[in-house]
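Here is a short set of questions and answers on a ligand site and on aromatic pairs. Please keep the structure open while you read.

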Amino acid sequence: MTLELASAGESHGPALVAIVSGLPAGLVLDREAIDADLRRRQQGYGRSPRQQIETDTVEVLAGLRHGRTLGTPLALVVRNRDHANWTWGMSPWPPEGEPDGKGTKPVTLPRPGHADLAGAQKFGHEDVRDALERASARHTAVHVAAGAVAKALLREIGIEVSGTALDLDEAAIDAARADRDTLGGRVEVRSTGVCPGLGSYARKEDRLDARLAAAVMGIQAVKGVEIGDGFALASLRGSQAHDEIDADRRRRTNHAGGIEAGVSNGEEIVVRAAMKPLPTLMRPLDSVDLATGERAQALVERSDVSALEACAVVAEAAVGWELARAAREKFGGDAVGDFVGAWRAYCERIAWTAR
Ligand code: EPS
């Protein structure tokens, strides 16, 4: 039994969609809790005017009845309100009538740091928009909705996941905006109440640290991930780096960030990620015009100065998703009570209670 997520959607297309399969039946979902995460993702200092257009809320098309999961695929939709301004430019079918609204002219000026050039080369697109629309971080909205569902499942077994932006400097954001520049930063996700034994060392693809790193590295603009003290461990001695074990089987420290040998060890799971500065600059970098082959300046369009606070919410959803997936693999169950019962029996066997 595992959780699976398939998503689709372009930034200015009609909607973002996700299908979540592998949930147990009987899980109570709170629409307001999902929408609250969607709102958190839209907030944060340094966001673009796009966020004043969007008011993200989740629609559920399948898999839920009267607020309880049916144990069947759950279909989630987040509409793009901005699509109203792009109906010709982003029409799924050949558009009818005269070009109107946004996205009617081909984009040929790739932005360094975005998917524009490599995406156009890879897929053979002549209009860079055909690459950038899906590469956009807009689609993280529906992943946050799926993450909120995963967090509801985790709460059933006492796990709480929380993401925060570490380098929030609002004055630096104002200064970057004045300079027509952008910023990145670091985010951290802490997960409490995780029992020992999620993930496995049996195969490298089962390792919880590898899975969390891949989930967080899969977020737009993330260029580095560490677990626990991560990179700092490289310059310590073993006697300083490892977390000694007390008679109650707890650790005195948590340099490992709650994971050893790819397996959760019962301590708080700590994941940190580094986000690069966003690639759409109001003062554009050098590029090439793909239509003429001449040197040119990259595309300038509406963008965020910083999306760090959004990244923290998205990273929280990614970590929550991956922990829920690992928990489904370990505890299984078609009904939520089976899942919780298996978790409880396991915790009794290893005499483990959350601190
Ligand atoms: C993004 C560009 C901007 C961001 C967008 C990600 O969108 P637009 O081109 O419409 O101004 O606002 O993020 C979102 C819309 C969102 O909801 O997070 C990009 O190029 O990645």
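The questions below concern a predicted model.

Q: Which residues come nearest to the ligand?
A: The ligand has 13 residues around it. Five of these come nearest. They are His12, Arg41, Arg50, His114 and Arg302.

Q: How many residues in the shell around the ligand are charged?
A: The shell splits by class. One residue is nonpolar and five are polar. The charged residues number seven.

Q: How far is a polar side-chain atom of Arg50 from an oxygen atom of the ligand?
A: A polar contact needs N or O atoms within 3.5 Å. The Arg50 pair meets that cut-off, with a distance of 2.6 Å.

Q: What share of the ligand's accessible area does the protein cover?
A: On its own, the ligand has 460 Å² of accessible area. The ligand also takes up the space of the largest pocket. The protein's cover comes to 92%.

Q: What is the geometry of the aromatic pair formed by Phe331 and Phe339?
A: The whole structure holds two aromatic pairs. In this one, the ring centres are 6.2 Å apart and the planes meet at 75°. Planes over 60 degrees apart count as edge-to-face. The Phe331 and Phe339 pair is therefore edge-to-face.

Q: Is Phe339 buried or exposed?
A: Buried means under 20% relative accessible area. Phe339 has 0% relative accessibility, so Phe339 counts as buried.

Q: What is the geometry of the aromatic pair formed by Phe331 and Tyr346?
A: The ring centres of Phe331 and Tyr346 lie 5.7 Å apart. Their planes are at 55°. This pair is tilted.

How values were computed:
Residues are numbered from 1 along each chain as its sequence is written. This is a predicted model: local features need pLDDT of at least 70, side-chain atom pairs count only at pLDDT 80 or more; totals for chains, interfaces and linings use all residues. Side-chain values use heavy atoms; hydrogens and water are left out. A residue is near a molecule or strand if one of its heavy atoms lies within 4 Å of it. A polar contact is a pair of N or O atoms within 3.5 Å; within protein, one must be able to donate a hydrogen and the other to accept it, and residues adjacent in sequence count only if both atoms are side-chain atoms. Accessible areas come from the Shrake-Rupley method with a 1.4 Å probe; for residues, only the protein chains shown count as cover. On a 1 Å grid over the protein atoms alone, a cavity is a set of points where a 1.4 Å probe fits but cannot get out, and a pocket is an open set with protein on both sides within 12 Å along at least five of seven lines; lining residues have an atom within 4 Å of a point. A molecule sits in a cavity or pocket if more than half of its atoms lie within 2 Å of its grid points. Ala, Val, Leu, Ile, Met, Phe, Trp, Tyr, Cys and Pro count as nonpolar, Asp, Glu, Lys and Arg as charged, and the others, Gly among them, as polar. Rings of Phe, Tyr and Trp (its six-membered ring) pair if their centres lie within 6.5 Å; planes under 30 degrees apart count as stacked, over 60 as edge-to-face and the rest as tilted. Buried means under 20% relative accessible area, exposed over 50%, partly exposed in between (1.4 Å probe, protein chains only).
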